[in-house]
Amino acid sequence: MKFLSSELAYFLRDAKARQNVRALLRLLLVLLLLVVVFTVLFHVLMAREGQQHSWLTGLYWTLTVMSTLGFGDITFQSDLGRAFSVVVLVSGIIFLLVLLPFTFIQFFYAPWMEAQRQSRAPRSLPEDAAGHVILTHYDAVTMSLIPRLEFYGRPYVVLEDDVARALELHDRGIRVMVGPRDDQETYRRLRVREAALLVATGDDFLNTNIAFTVRELTETVPIASLARKPESVDVLELAGSTHVIQLPDMLGRSLARRTLAGEVRANVIGRFGQLVIAEAPVIGTPFVGKTLAESRLREVTGVNVVGVWQRGQFSIPHPDTRIESSTVLVLAGTDAQLEHFDSLVVIYNVFDRPVLILGGGRVGQAVAASLREREVPYRIVEQKPETAHGLEHMVVGSAADLEVLKRAGIDEAPTTLVTTSDDAINIYLTIYCRRLRPDMQIISRATLERNVSTLHRAGADFVMSYASMGANTILNVLEKGDVVMLAEGLDVFRYPASDRVLGRSLRETRIREETGCSVIALETPGGTVVNPDPARPIDDGSELILIGTAEGERRFKERFS
């Protein structure tokens with residue numbers, strides 16, 4: 001009874017529900033009046049026929065006839081009485097068998113069930129909620145971010161303004177709260193003042209509204225907002241966003257730095273204090289054909305090769321790892337050491353033929369801008385004339401048309417970058433380009449993480465997803481830059497040295513054997529030690545900087561963190 005009373009009270013809080021109940025009560029009142037009238041007329045007509053019955057008998061007869069049970073124990077003998085019986089019978093069919101069930105279901109039962117369903121969607125967080133991450137939308141970026149937050153033990157909540165969508169997410173195990181995104185009361189119930197971060201991933205206008213609304217409640221909570229257009233950056237910052245993330249530009253630059261074109265040089269992809277992580281192709285350099293030991297890179301430049309890319313496959317290098325023309329080295333060192341590396345290899349020009357960019361959207365334009373800074377020639381293939389208008393080195397037409405591709409230079413391009421926002425189109429174009437040029441480097445963009453492996457199977461050498469890059473960037477805002485994404489599923493990350501490794505040498509910890517991750521540097525109170533000696537003991541207060549896959553990081557966290 002307590003449960004039913006609480007459910008009924010919740011149901012009756014809604015104005016439309018109260019209106020529906022009033023309509024149902026009016027119908028019941030009409031039905032009651034009809035039963036009373038029929039009972040009175042029953043007595044009048046029975047008296048005319050010389051029959052006498054009690055008032056309870058009259059009510060009994062009326063209800064049995066209206067409900068079509070009609071036991072036949074009480075009947076009229078006259079035509080007038082039988083005509084009256086027909087009227088009562090038809091009225092009962094209309095009211096009891098048609099109108100009443102329909103009205104009850106439409107105005108009471110269905111709304112009540114919907115109210116019960118909606119009551120399962122939380123509308124506020126517990127009073128002790130703190131340190132949580134508020135996600136204003138459930139989209140590709142937050143779909144990728146949520147598993148990372150769970151991995152790092154960060155509580156989160158997704159804000160959803162549509163109840164049906166919120167219930168769907170709730171049933172899938174996503175922590176969700178219902179409320180309008182432009183209402184201050186919503187963020188009070190989200191306990192935004194105690195949140196660790198608010199992430200706005202809607203369009204630029206809605207993100208601006210959200211940031212401005214939240215800033216009226218608190219000046220301290222960090223707000224990370226995605227910006228679709230460059231001109232929105234200033235407005236989002238004025239509205240109160242502390243971190244404005246331009247994912248298309250970041251993704252474009254990340255794709256561009258992996259092209260085998262232009263001068264050979266190290267492209268910086270991340271920093272951990274004094275340690276700099278960079279990537280460098282080696283095609284056209286004297287290193288091709290040599291092993292790492294024979295190249296003497298560490299002895300000559302001081303940089304350490306901590307990883308090797310070979311046509312999309314990453315591996316931890318050994319002294320006898322052979323460098324091929326398609327190899328891309330992952331380097332770790334200081335700024336001075338990388339500058340020394342650049343001074344040795346910058347004289348080698350890989351290709352002077354234009355790089356092909358399929359798609360002239362935001363990501364494609366960001367790729368072109370990055371290549372232009374490096375003075376690498378390029379051509380963009382764009383199907384929409386309105387998008388192509390005003391862009392340099394543009395070929396208008398469909399990238400699925402062989403003649404358009406030939407006009408753009410597919411036969412001689414060293415690299416093709418597939419940058420459209422549609423994963424299905426990217427898979428199609430990757431397969432097509434790989435069949436046309438089996439020897440060409442193909443770099444592709446994915447929007448959703450689940451399509452990364454498909455693009456690799458289609459023939460892409462490198463794939464980076466919009467969702468993963470957004471998730472890692474937001475995680476870096478939250479974790480103060482402790483993760484650098486090398487490629488899909490491969491990160492450089494840091495952890496404080498725990499009691500399980502303190503005082504032991506790297507060789508004794510067996511981190512690499514047990515997790516698949518490699519320690520590429522130690523941050524000690526005395527400075528950064530790049531490529532530490534395996535026999536060196538790990539001192540108190542040190543931080544380990546490692547490179548590995550997401551699964552490797554999970555194993556490291558379980559065993560050594």
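Okay, let's start at glutamate 160, which has its place in strand β2. Before I go on, keep in mind that this is a predicted model. So, is glutamate 160 buried or exposed? With a relative accessibility of 7%, glutamate 160 counts as buried, because the cut-off for buried is under 20% relative accessible area. And what does glutamate 160 touch, once we leave out residues up to four places away in sequence? There are two arginines in the list, Arg165 and Arg181, and then Ala166, Leu169, Val176, Met177, Val178 and Gly179.

Staying with β2 for a moment, that strand, residues 156-160, is part of what covers the buried residues of helix α5. The cover also includes β1 (133-135), β5 (223-226), α10 and α19. Helix α5 itself runs over residues 140-151. Its buried residues are Ala140, Val141, Thr142, Ser144, Leu145, Ile146, Arg148 and Leu149, so you'll spot an arginine in there. Just after α5 comes glycine 153, with a positive phi of about 70°.

Now, two of those covering elements, α10 and α19, also pack on each other. How are they arranged? Helix α10 is residues 247-256, and its axis lies 10 Å from that of α19, at an angle of about 110°. That makes the two helices roughly perpendicular, because the range for that label is 65 to 115 degrees. On the α10 side, the residues in the contact are Leu247, Pro248, Met250, Leu251 and Ser254. On the α19 side, they are Tyr466, Met469, Gly470 and Thr473. If you sort that contact by class, you get 6 nonpolar residues, 3 polar ones and no charged ones.

Let me pick one residue out of that contact, threonine 473. It sits in helix α19, residues 466-479. Threonine 473 is buried, at 16% relative accessible area, again because buried means under 20%. Setting aside residues up to four places away in sequence, threonine 473 touches Ile245, Leu247 and Met250. Take methionine 250: how far is it from threonine 473 in sequence and in space? They are 223 residues apart along the chain, and 9.6 Å apart C-alpha to C-alpha.

On to the empty spaces, pockets to begin with. The largest pocket holds about 780 Å³ of space. It has 28 lining residues, and those nearest its centre are Asn304, Val305, Pro317, Arg512 and Asn531. Which elements supply at least two residues each to that lining? From one stretch of the chain we have α11 (292-295), α12 (297-301) and β9 (304-310), and from another α20 (506-509), α21 (511-515) and β20 (518-524). By class, the lining comes out as 15 nonpolar, 6 polar and 7 charged residues.

The second largest pocket has a volume of about 560 Å³. Here 26 residues form the lining, with Gly359, Gly360, Glu382, Thr420 and Ser421 closest to the centre. Two or more residues each come from α14 (362-373), β13 (378-382) and α17 (423-436). Of these, α17 gives the largest share, 3 residues. The class split for this lining is 10 nonpolar, 10 polar and 6 charged.

What about closed spaces? The structure has 1 cavity of 30 Å³ or more, and the largest cavity contains about 30 Å³ of space. Its lining is made up of Arg257, Arg258, Asn267, Glu279, Ala280, Pro281 and Val328. Strand β8, residues 275-281, contributes the most, with 3 residues. Sorted by class, the cavity lining has 3 nonpolar, 1 polar and 3 charged residues.

Last topic, backbone angles. Two residues to look at here are threonine 68 and glutamate 375. Threonine 68 is not a glycine, and its phi is positive, near 65°. You'll find threonine 68 in the loop between α3 (55-66) and α4 (79-118). Its relative accessibility is 40%, so it counts as partly exposed.

Glutamate 375 isn't a glycine either, and it has a positive phi of about 60°. This glutamate 375 is in the loop between α14 and β13, and those are two of the elements we met in the lining of the second largest pocket. Is glutamate 375 buried or exposed? Glutamate 375 has a relative accessible area of 72%, so it is exposed.

That's where I'll stop, so over to you.

Technical notes: Residues are numbered from 1 along each chain as its sequence is written. This is a predicted model: local features need pLDDT of at least 70, side-chain atom pairs count only at pLDDT 80 or more; totals for chains, interfaces and linings use all residues. Side-chain values use heavy atoms; hydrogens and water are left out. On a 1 Å grid over the protein atoms alone, a cavity is a set of points where a 1.4 Å probe fits but cannot get out, and a pocket is an open set with protein on both sides within 12 Å along at least five of seven lines; lining residues have an atom within 4 Å of a point. Grid points are joined across faces, edges and corners, and a volume is the space filled by probe spheres set on the points. Helices (H or I, at least four residues) and strands (E, at least two) are DSSP runs, numbered from the N terminus. Ala, Val, Leu, Ile, Met, Phe, Trp, Tyr, Cys and Pro count as nonpolar, Asp, Glu, Lys and Arg as charged, and the others, Gly among them, as polar. Buried means under 20% relative accessible area, exposed over 50%, partly exposed in between (1.4 Å probe, protein chains only). Contact means heavy atoms within 4.5 Å. Axes are lines fitted to C-alpha atoms, for helices over the stretch in contact, and angles run from 0 to 180 degrees between N-to-C directions. Angles under 35 degrees count as roughly parallel, over 145 as roughly antiparallel, 65 to 115 as roughly perpendicular and the rest as oblique.
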